[in-house]
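Grab a pencil and have a go at these exercises. Try each task yourself, then read on to the worked solution.

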Amino acid sequence: PVKSEVGEPSDAKREKYRRQLVQFYSLHNPAKINTIEDILDRYAGREGEMFRTLQQKYPSDAITSGGTRESSSTSTNDSSLIKGAADTVKKGFWNVLSSVKSISGSVISAVGGEETVQIGSRSIAIEKQLAEGGFSTVFLGRDTSTGKKYALKRMCVQTNEQLEEAKWEIRVHRELRHPNILQIHDASIDPDPKNKNSKLVYILMPLAKNGSVFDRIEAGLAGSGAWPFPEKECLRILEKVADAVKVMHKHGWAHRDIKPHNILLFDPADIPDIPAIPGSDGAQTGEPVLMDLGSTGPVTVEVRSRRDAMLLQDMAASKCSPPYRAPEFFEVPPEIDIDGRTDVFSLGGTIYAMAFGRSPFELPNEGFMKLALLNGVVAIPEGNVGPLGDRFSDAFCDLIKGMLRSNPSKRYKISKVLRIVR
């Protein structure tokens, strides 16, 4: 595999991609035009993957939202546009994308009619589409016997590699048992009735009615009420997620894509496996649960050659979100041992975002600042003040800085993070 483009594109490139998407959605799905900026943000550094996804979802003979088939000349031009963009990046590691608002209950579109699928012993009626990514879609599902609501993730896999990736995700979910790691209810792999060369993988999960940490940050920035994550709440969530990460590391796995989007917030009553937790009464946002285990890999990786380094770098470009990706994943040295401190870096960036409303390496105008990340430049807002005036202690900010050190040998380990928080 060849390394994907890393980081936020330049203003000129971003504008080029924006124009291409406007032209594309004008032909195929005009309702999507007002979401283009969000799409560009979501695929920052992975524009090749974005265009490949579009090419797969909207073939050249697609029918427009108005119900008319494109003329052959328009279809050819449109297909060439997508193919030209997709060809800039060769096929990399397959990635089942987690949606920004997956399982949050924020309805994007409805499923025509009511489809029912059998997942283990449960018959699940698909009510609405909640979110979608490159190869996966998350639906709101309902048990036809009990009426209970679930989140149902469906992946369309077309190669053995994709199937193995999906099986890996299911395996990790089943083997990791921790109250703050998402537990799946069931899973199945079925033939695709529309394509004999592909399979449909279903994963049935609990529904997080409170959404994700990212959802709450967005709501906090848009609202006029209290900031959802004052220091005490940040530390409460950090302790629980860090403990979950420690358990993952003990099992020999690292998450590799911790970010606000991948921490769901549950009402404890919605997850029977979570016992009563002392001190959790009155929590503002809900019980944090780490999700999206498809990115999981070995916690320790020995890099001993240039080839090892490039393989790891390619993996990170495919599976790790740039604003929260550890520096050693961007430019992997040929002689290094990568360990669980990659997750500590991502978690540090997540806690920073909870406190200050954004990744420490993103600015509204500049976008993703790769050099700042690589050099460990962590700018705490003046006075340690959050978006709505909440002040954070010096000790809290020092903890974040210790987690975000660019040199992994000087970065805090997860055990030290827990000692400080507790």
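**Exercise 1.** Which side chain does the side chain of Glu287 make a polar contact with?

*Solution.* Keep in mind that this is a predicted model. Start by finding Glu287, which sits in strand 9 (residues 287-290). Next, look at its surroundings: the relative accessibility of Glu287 is 2%, and buried means under 20%, so Glu287 counts as buried. Finally, look for the partner: the side chain of Asn180 makes the polar contact, at 3.0 Å.

**Exercise 2.** Work out in which sense strand 5 and strand 6 pair.

*Solution.* Pick out strand 5 (residues 186-192) and strand 6 (residues 195-205). Between them there's a hairpin, which makes the join through two residues. Now check the pairing: it is antiparallel, over seven bridges. For one spot to look at, try Ser188, which has Tyr202 of strand 6 opposite.

**Exercise 3.** Is helix 10 largely enclosed, and how does helix 7 run relative to it: roughly parallel or roughly antiparallel?

*Solution.* First, trace helix 10 over residues 341-356: its 16 residues reach 22 Å from first C-alpha to last, close to the expected 22 Å. Just past its end, Gly357 has a positive phi of about 85 degrees. Then count burial: 16 of the 16 residues of helix 10 are buried, so the rest of the structure largely encloses this helix. Now bring in helix 7 (residues 231-250), whose axis comes within 11 Å of the helix 10 axis and crosses it at roughly 165 degrees. Angles over 145 degrees count as roughly antiparallel, so that's the answer for helix 7 and helix 10. Their crossing is right-handed.

Notes:
Residues are numbered from 1 along each chain as its sequence is written. This is a predicted model: local features need pLDDT of at least 70, side-chain atom pairs count only at pLDDT 80 or more; totals for chains, interfaces and linings use all residues. Side-chain values use heavy atoms; hydrogens and water are left out. Two strands pair if DSSP finds at least two bridges between them. Helices (H or I, at least four residues) and strands (E, at least two) are DSSP runs, numbered from the N terminus. The expected span of a helix is 1.5 Å times one less than its number of residues. Buried means under 20% relative accessible area, exposed over 50%, partly exposed in between (1.4 Å probe, protein chains only). A polar contact is a pair of N or O atoms within 3.5 Å; within protein, one must be able to donate a hydrogen and the other to accept it, and residues adjacent in sequence count only if both atoms are side-chain atoms. Axes are lines fitted to C-alpha atoms, for helices over the stretch in contact, and angles run from 0 to 180 degrees between N-to-C directions. Angles under 35 degrees count as roughly parallel, over 145 as roughly antiparallel, 65 to 115 as roughly perpendicular and the rest as oblique. A crossing is left-handed if the near helix is turned anticlockwise from the far one by less than a right angle, and right-handed if clockwise.
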